[in-house]
Amino acid sequence: MVNSSQRIFYSILMRKKDCERCKNSFSKLYRVRYIKSVKNWVFICESCVPEVKQDNKFYKYGGTWKG
Ligand SMILES: [Zn+2]
């Protein structure tokens, strides 16, 4: 059972995700793949994108997530 106040609290929590790289929370993240061995998409923040993107042939952009 989830009452309405719990549901509101839950949605506030869900508005942010952690960046895979710098571990900070953001309400906007980029869904990317940047390591050959990693099959799953990861979410990274705007400032980490250029860092993983640079000279990386495995880098792949999979969309933008907004909380
Ligand atoms: Zn980051």
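Trainee: How many helices and strands does the secondary structure of the protein come to?

Mentor: The model is a predicted one. From the N terminus on, its elements run α-β-β-β-β-α-β. Counting each kind, the secondary structure comes to 2 helices and 5 strands.

Trainee: Which order do the strands of the open sheet have?

Mentor: Strands of a sheet pair through backbone hydrogen bonds, either parallel or antiparallel. In this protein, β3 and β4 pair in the antiparallel sense over 3 bridges, and 5 bridges join β3 to β5, which also run antiparallel. The edge strands, each pairing on one side only, are β4 and β5. The open sheet of 3 strands therefore has the order β4-β3-β5.

Trainee: What does the twist average from one strand to the next?

Mentor: The sheet in question is open, has 3 strands and shows antiparallel pairing. From one strand to the next, its twist averages 35 degrees.

Trainee: Which residue of β4 is the bridge partner of arginine 31?

Mentor: The pairing of β3 with β4 is antiparallel and has 3 bridges. Tyrosine 30 stands opposite isoleucine 44 in β4. For arginine 31, the bridge partner in β4 is phenylalanine 43.

Trainee: Which residue of β5 does leucine 29 stand opposite?

Mentor: Here the pairing to consider is that of β3 and β5, which are joined by 5 bridges and run antiparallel. In β5, the residue opposite leucine 29 is tryptophan 65.

Trainee: Which strand gives the most to the largest nonpolar core?

Mentor: In soluble globular proteins, nonpolar side chains tend to be buried together. Of the 67 residues of this protein, 13% count as buried. The largest nonpolar core has 9 residues, including Phe26, Leu29, Tyr30, Phe43 and Ile44, and β3 (28–33) and β4 (42–44) each supply at least two residues of this core. The strand that gives the most, with 3 residues, is β3.

Trainee: Which residues does tyrosine 34 touch, not counting those up to four places away in sequence?

Mentor: Tyrosine 34 is one of the residues of the largest nonpolar core. With residues up to four places away in sequence left out, tyrosine 34 touches Val52, Asn56, Phe58 and Tyr59.

Trainee: Is lysine 23 buried or exposed?

Mentor: Lysine 23 lies in the loop between β1 (17–18) and β2 (25–26). Its phi is near 65 degrees, a positive value in a residue other than glycine. A residue is exposed if 12 or fewer other C-beta atoms lie within 10 Å of its own. Lysine 23 has 8 such atoms within 10 Å, so it is exposed.

Trainee: Where does aspartate 55 lie?

Mentor: Aspartate 55 has a phi near 50 degrees, a positive value in a residue other than glycine. With 6 C-beta neighbours inside 10 Å, aspartate 55 counts as exposed. Its place is the loop between α2 (49–53) and β5 (60–66).

Trainee: What separates the C-alpha atoms of asparagine 24 and cysteine 45?

Mentor: Asparagine 24 is found in the loop between β1 and β2, and it is exposed because 11 other C-beta atoms lie within 10 Å. Not counting residues up to four places away in sequence, asparagine 24 touches Asp18, Cys19 and Cys45. Asparagine 24 and cysteine 45 are 21 residues apart along the chain, and their C-alpha atoms are separated by 8.4 Å.

Terms used: Residues are numbered from 1 along each chain as its sequence is written. This is a predicted model: local features need pLDDT of at least 70, side-chain atom pairs count only at pLDDT 80 or more; totals for chains, interfaces and linings use all residues. Helices (H or I, at least four residues) and strands (E, at least two) are DSSP runs, numbered from the N terminus. A residue is buried if 20 or more other C-beta atoms lie within 10 Å of its own, exposed if 12 or fewer, and partly exposed in between; C-beta atoms are placed from the backbone. A nonpolar core is a set of buried Ala, Val, Leu, Ile, Met, Phe, Trp, Tyr and Cys residues joined through C-beta atoms within 7 Å. Two residues are in contact if their C-beta atoms, placed from the backbone, lie within 7 Å. Two strands pair if DSSP finds at least two bridges between them. Axes are lines fitted to C-alpha atoms, for helices over the stretch in contact, and angles run from 0 to 180 degrees between N-to-C directions.
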